[in-house]
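Okay, quick one from me today. Let me put the structure up, and then we'll walk through the overall fold and the cysteines.

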Amino acid sequence: MARVLTPRAEDFPRWYQDLIAKAKLADNGPVRGTMVIRPAGYAIWERMQAEMDARIKAAGAENAYFPLFIPESYLKREAQHVEGFSPELAVVTHGGGKQLAEPVVVRPTSETVIGEFMAKWIDSYRDLPLLLNQWANVVRWELRPRLFLRTSEFLWQEGHTAHATRADARAYARRILHEAYEDLMVNVLAIPVVVGLKTARERFAGATATYTCEGMMGDGKALQLGTSHELGQNFAKAFDISYSSAEGGREHAWTTSWGTSTRMLGGLIMAHGDDNGLRVPPRVAPVQAYVMIVKDGEGVAEAAAKLRDGLRDAGVRVALDDRTDTAFGRRAVDAELRGYPVRVEVGPRDLAAGNAVVVRRTDGSKSPTPVADVVGAVLAALEADQRALHDQALAHRESRTVEVSTLAEAIEAAATGWAKVPWSAVGVAGEAEANGQGVTVRCLLRADGSVPDSEDEPDLVAILARAY
């Protein structure tokens, strides 16, 4: 397999690029910074999307769709927002062969256009809360693109809500953070995440608070996998999102926004992949069990088809590989690269003994199993390997995280992993110093690991790391 992928320990970025290419997940698009997501990669994204969509709807939000093109003047209404996004904007000045009366921005995020329509749709306190989500593409002109992690166009969901009180807005932003984002990342993607508060320096442009889910990748760097923002009344005042209160007065709403993207797929690759390719957690795998005919003849094809049907009837997402005109070794390597959680290999020799071979991608084990027991063995393996991938990622994070007491120690520790350091030992000045050395404060936590309301709380802990 070393001839297929560059070993992770030798060159982690090259391994990442090799894996995406060899597993046929994505390709670079024709415009620099864009990507083509191939069917194998898109199938994983579809599973992520379905799981996330169900959680968002369970939290009461409804899906809608808003325009790709946004009047430039909309962004200028919220000063911090336009300043934060200006370097990344793609602006259209001509359309239909003519210069536009007003330039339009290709959607970098939708707070402004959704704010415009929230103002139109909300009149009374009875219209609140208004809970919206959209699945869309966005454009942020990226200078240093990397497939799935940083591309000029990417796919995501973005939620936008309006509430009658600050407390209600904060509670909802936290609900999405924990019940949608953290739950999916931990229990479906098997990525243990640290959930915390971003510093003012790292806060979303125009927000009053940004909460984040941070995962450690295989090389010890951090990846921001999802964020949820309290926007206060900044956008409500800029777009006059106001309502008649129960007392008869006119009040501005409190708003939130929150998003996750195809970056989660990059995180999945880097958190779980090994030198043989992807390792896809069973709960998000498009194909959980891959039934392979080793060699045809002697009833093998019939037995393989029956196993496929039995697995499907048991609720397993299953595919059958009957391409006996292609060498089995090559097909097995491809299956390893794609990260199918379980392979069921059916060949004449094993079948003559009444067996098939169950191969687990997580640990590489191969177990001859009576045909009648294969379905049960696969179900048990899928459940065990979902836990195993999470536990391995957690052990990796713990082994590469150190507790230190000074900024200098934290910056040094960030060369190989994460540092936990008292926020009081870093502060605003120390954060700027760390940034100058390529290290960022990923988030702030309370001493008990819970999410703080403000970076001004006493005794906070900062997580410092190098990041993607």
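So, let's start with the cysteines, and keep in mind this is a predicted model. C443 comes out at 0% relative accessibility, so that one counts as buried. C213 is buried too, again with a relative accessible area of 0%.

Now, how many disulfides do we get? The count is zero. And why is C213 not bonded to C443? The closest cysteine sulfur to that of C213 is the one in C443, and because the two are 9.3 Å apart, that's too far for a bond; the cut-off for a disulfide here is within 2.5 Å. Coming from the other side, C443 has the sulfur of C213 as its nearest cysteine sulfur, and C443 is in no disulfide either.

Okay, zooming out. The chain has 14 helices and 23 strands. Its C-alpha trace spans about 80 × 55 × 50 Å along the principal axes. For 468 residues you'd expect a compact globule to have a radius of gyration near 23 Å, and the chain has 25 Å, so that agrees.

What about the inside? Of the 468 residues, 53% count as buried. On contacts, take those with a separation of 6 or more: 69% of them are between residues 24 or more positions apart.

Then the outside. The accessible surface is about 20,000 Å², and carbon and sulfur atoms account for 49% of that.

Last bit, charges. We have 54 positive and 62 negative side chains, and the centres of those two sets sit 4 Å apart.

That's me done, happy to take questions.

Definitions and conventions: Residues numbered from 1 in each chain as written. Predicted model: local features only at pLDDT ≥ 70, side-chain atom pairs only at ≥ 80, totals over all residues. Heavy atoms only, no water. Buried < 20%, exposed > 50% of the residue type's maximum accessible area, 1.4 Å probe, protein only. Helix = DSSP H or I, 4+ residues; strand = E, 2+ residues; numbered from the N terminus. Rg over C-alpha atoms; globule rule 2.2 N^0.38 Å. Contact = heavy atoms within 4.5 Å. Areas by Shrake-Rupley, 256 points an atom, 1.4 Å probe, with all protein chains shown as cover. Lys, Arg positive; Asp, Glu negative; His and termini not counted. Charge placed at Lys NZ, Arg CZ, Asp CG, Glu CD.
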